[in-house]
Amino acid sequence: MIENGSEMVRVTDTIDRICKNAGAKEARAYVTLTGIIMSASPDTGAQVMSIDKRSFDLEKVSRVNDYSRQFAAKKITLGQFYHLLKCIDQHVTFFPFWLQLLGAFIVSSTLEIVFRNNYYDFWAAGVIGVIGWLIYSVTDRYTNIRFLNEFISAICIGFVSIFLIRIHVAISADDLIVGGLMPLVPGVPITNAVRDVLSGNLVSGPSRGIEAVMSACALGLGVAMAIKILG
């Protein structure tokens, strides 16, 4: 659940529910953004599980939550629950890439109308959003460097936006850049960071917030560099 973007309160609640219904009444877990420390009872040693890579797939989070509630309701056994969790990556696949690109087009293009009232740049903003998401996905697949994919995507978005303005295909570079960046803005991490802080988790909340700020800084620096080079 942590690997796929869940907030810490939900993770802790799910662990407690599983332990209680499995008979481990005295189980304790300490959950952070980068790892989980847990013991089944005071007489046993604690286990540590590190969280090395995080993405966002809220369908998997929802599925794990549903499985835990089915286990609590005695609809499935502990063995069946474990098997479902082991096979969740096969059962829950990410959206097809063409659908991701379509979503990026819709988010980027409709922003021009809803917030900027700019009908002329509708198609251009959608195309830039698709290009930005395509570069983001390809870069993320072939590199393990954090925030590099956001930085490269932002540079390309800035370059393409300025290029379309210079060939008179669009009228506002600012609108194109803002629209193109929308699919990459870390909205879910910021929301989860606020929820973690409000729930009293003062370790994971600020950590997730700093991670979101770093992503936003990478996007801003990429756009600034593009404007500096071509501006």
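This section describes the fold, the domain arrangement, the nonpolar cores and the salt bridges of a predicted model.

The protein chain contains 10 helices and three strands. In sequence order these elements follow the pattern α-β-β-β-α-α-α-α-α-α-α-α-α. The C-alpha trace extends over about 70 × 30 × 30 Å along its principal axes. Of the 231 residues in the chain, 42% count as buried. Among contacts with a separation of 6 or more, 61% are accounted for by residues 24 or more positions apart.

The chain is divided into two parts, domain 1 (2-90) and domain 2 (97-230). A distance of 32 Å separates the C-alpha centres of domain 1 and domain 2. The contact between them draws 11 residues from domain 1 and 13 residues from domain 2. Together, domain 1 and domain 2 bury about 1,100 Å² at this interface, with 50% of that area on carbon and sulfur atoms. On the side of domain 1, Glu 7, Leu 33 and Phe 56 contribute 43% of the area buried against domain 2, more than any other three residues.

Polar interactions also cross this boundary. Five residue pairs are found in polar contact across the interface of domain 1 and domain 2, with both residues of each pair at pLDDT 80 or more. The count of salt bridges between the two domains is one. The elements that give two or more residues to the side of domain 1 touching domain 2 are α1 and β1 (28-31).

The nonpolar interior was examined next. The largest nonpolar core comprises 19 residues, and Ile 2, Val 11, Ile 15 and Val 31 have the most contacts inside it. Helices α1 (8-21), α2 (58-72) and α3 (78-86) are the elements that give two or more residues to this core. A second, separate core consists of 16 residues, including Ala 104, Ala 125, Ala 170 and Ile 177. In soluble globular proteins, nonpolar side chains tend to be buried together. The surroundings of Ile 2 illustrate the larger core in detail. When neighbours within four places in sequence are set aside, Ile 2 is in contact with Met 8, Val 11, Val 31, Thr 32, Leu 33, Ile 36, Ile 51 and Arg 54.

Ile 177, one of the residues of the second core, belongs to the buried set of helix α8 (residues 173-181). The buried residues of α8 are Asp 175, Leu 176, Ile 177, Gly 179, Gly 180 and Leu 181. These buried residues pack against four other helices, namely α5 (97-114), α6 (122-142), α7 (148-166) and α10 (204-230).

The structure holds five salt bridges. One of them pairs Arg 195 with Glu 7, with the closest N and O atoms 3.2 Å apart. This pair links distant parts of the chain, as Arg 195 lies in helix α9 (residues 187-198) and Glu 7 in the segment before α1, 188 residues apart. The two partners differ in burial class: Arg 195 is partly exposed, with a relative accessible area of 44%, whereas Glu 7 counts as buried at 7% relative accessibility. Glu 7 is also among the three residues that supply 43% of the area domain 1 buries against domain 2.

Two further salt bridges each lie within a single helix. Arg 17 and Asp 13 form a salt bridge with a closest N to O distance of 2.4 Å. Because Arg 17 and Asp 13 are four residues apart in helix α1, they are separated by about one helical turn. An α-helix has 3.6 residues a turn, so residues three or four places apart point the same way. Arg 17 counts as buried at 12% relative accessibility, while Asp 13 counts as partly exposed at 38%.

The other such pair is Arg 63 and Glu 59, whose closest N and O atoms are 3.2 Å apart. Both residues lie in helix α2, four residues apart, or about one turn of the helix. Arg 63 counts as partly exposed at 25% relative accessibility, and Glu 59 is likewise partly exposed, with a relative accessible area of 41%. Beyond the pairs within helices, Glu 7, Arg 10 and Arg 195 are joined into one network by salt bridges that share partners.

Conventions. Residues are numbered from 1 along each chain as its sequence is written. Side-chain values use heavy atoms; hydrogens and water are left out. Buried means under 20% relative accessible area, exposed over 50%, partly exposed in between (1.4 Å probe, protein chains only). Contact means heavy atoms within 4.5 Å. A nonpolar core is a set of buried Ala, Val, Leu, Ile, Met, Phe, Trp, Tyr and Cys residues joined through side-chain atoms within 4.5 Å. Domain bounds come from an automatic or database domain assignment. Buried area is the accessible area (1.4 Å probe) that two parts lose on being put together, summed over both. A salt bridge is a side-chain nitrogen of Lys or Arg within 4 Å of a carboxyl oxygen of Asp or Glu. A polar contact is a pair of N or O atoms within 3.5 Å; within protein, one must be able to donate a hydrogen and the other to accept it, and residues adjacent in sequence count only if both atoms are side-chain atoms.
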